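Trainee: I have a new model open on my screen and would like to go through its aromatic rings and cysteines. Could you walk me through it?

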Amino acid sequence: MVRTNNVTELIIAGLFQDPEVQRACFVVFLPVYLATVVGNGLIVLTVSVRKSLHAPMYFFLSHLSLVEISYSSTIVPKFITDLLVKVKTVSLKGCLAQIFFSHFLGVTEIFLLVVMAYDRYVAICKPLHYTNIMSHRLCHALVASSWLGGFFHSIIQVLITIQLPFCGPNVIDHYFCDLHPLFKLACTDTFMEGVIVLVNSGLISVFSFLLLVSSYVVILVSLRNHSAEGRSKALSTCASHLTVVTLFFGPAIFLYMRPASTFTEDKLVAVFYTVVTPMLNPIIYTLRNAEMKIAMRRLWGKKENSGMEQKWESD
């Protein structure tokens, strides 16, 4: 069968049709996106500058924050600018590019969360061997594997989609490009493609989530042998991780564990994991981590002091 594409441009239906509601959404979501970039950017900057945060946990956290900035920037800028225009369009190539980067970064985040859980498991369950196990070399290998895993996952998704023929209609029922809404526009049966997405995206989410939950159960059980102070510190760290895991995996499993032929997109769930969750992660990690809060205060205190010194020198 020869693949033919009559469609080169897609019209995005958007989140809401009412212009007043769209403008209100713009006012709400623009500050949320800016907070996402600034909050996660501060974590990346603080970890890279402060020597006290060069432990594996913060190294992984900085990469998670970098992924959050990139993931949010793949979807949200286009989304919020579309809120101000009447007809929202995107080229088919641009749509495929957005699918590639959103899945690449989304699965990279999944693997990073698994890596962070392993780091906490070693730190709490094998504290005497932690330094030897979580070596500089292993930490870089785990992060590189997370990025590569996300890349190969996304390549598979795009290779599946790029072979589909699109001959009309060209209205994608979503506010950004994703696999299931795009499959509905294909001029062929996409049942098998939906099954592959189920296996490639849904099962990665489910198995990773089960692995994460299992690791934290083992951690909680092992905490019985720790002191009250040790338990409190470990529980605080694990609570942050579990909160982020729940916020991320809940919507991901909900959206990708159904075949395309029976899929009904819930746009509000998608808004939560594309717009809101990336903003919440830095808040969750910094509010529950005293070391991170102290490092941020010292970093900005140092900058303010140097700024005052330069001002005094110029006077």
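Trainee: How many aromatic pairs does a search of the whole structure find?

Mentor: Good place to start, and keep in mind that this is a predicted model. Rings count as a pair if their centres lie within 6.5 Å. Searching the whole structure on that basis gives 12 aromatic pairs.

Trainee: Are the planes of Phe59 and Phe60 stacked, edge-to-face or tilted?

Mentor: The ring centres of Phe59 and Phe60 are 5.8 Å apart, and their planes meet at 50 degrees. Stacked needs under 30 degrees and edge-to-face over 60. The angle fits neither class, so the pair of Phe59 and Phe60 is tilted.

Trainee: And what kind of pair do Phe100 and Phe151 form?

Mentor: Here the centres of Phe100 and Phe151 are 5.9 Å apart, with 85 degrees between the planes. The cut-off to remember is over 60 degrees. That makes the pair of Phe100 and Phe151 edge-to-face.

Trainee: How many residues apart in sequence are the parts that Phe100 and Phe151 tie together?

Mentor: Phe100 sits in helix 3, residues 92-125, while Phe151 belongs to helix 5, residues 136-162. Both also belong to one aromatic cluster, whose members include Phe104 and Trp147. The pair therefore ties together parts whose separation in sequence is 51 residues.

Trainee: Is Phe151 buried, partly exposed or exposed?

Mentor: Its partner Phe100 is buried, at 15% relative accessible area. Buried means under 20%, and exposed means over 50%. Phe151 has 33% relative accessibility, so this residue is partly exposed.

Trainee: On to the cysteines: which pattern do the disulfides of the chain follow?

Mentor: There are two disulfides in the count. Cys95 is joined to Cys177, with sulfur atoms 2.2 Å apart, and Cys167 to Cys187, with sulfur atoms 1.8 Å apart. Counting bonded cysteines along the chain, the pattern is 1-3, 2-4.

Trainee: How many residues apart are Cys95 and Cys177?

Mentor: The link between Cys95 and Cys177 is left-handed, with -125 degrees about the S-S bond. Cys95 is in helix 3, and Cys177 is in the loop between strand 3 and helix 6. This disulfide links distant parts of the chain, and the separation is 82 residues.

Trainee: Is Cys187 buried, partly exposed or exposed?

Mentor: Its partner Cys167 has a relative accessible area of 37%, which counts as partly exposed. For Cys187 the value is 28%. Since buried means under 20% and exposed over 50%, Cys187 is partly exposed.

Methods: Residues are numbered from 1 along each chain as its sequence is written. This is a predicted model: local features need pLDDT of at least 70, side-chain atom pairs count only at pLDDT 80 or more; totals for chains, interfaces and linings use all residues. Side-chain values use heavy atoms; hydrogens and water are left out. Rings of Phe, Tyr and Trp (its six-membered ring) pair if their centres lie within 6.5 Å; planes under 30 degrees apart count as stacked, over 60 as edge-to-face and the rest as tilted. Helices (H or I, at least four residues) and strands (E, at least two) are DSSP runs, numbered from the N terminus. Buried means under 20% relative accessible area, exposed over 50%, partly exposed in between (1.4 Å probe, protein chains only). A disulfide is a pair of cysteine sulfur atoms within 2.5 Å.
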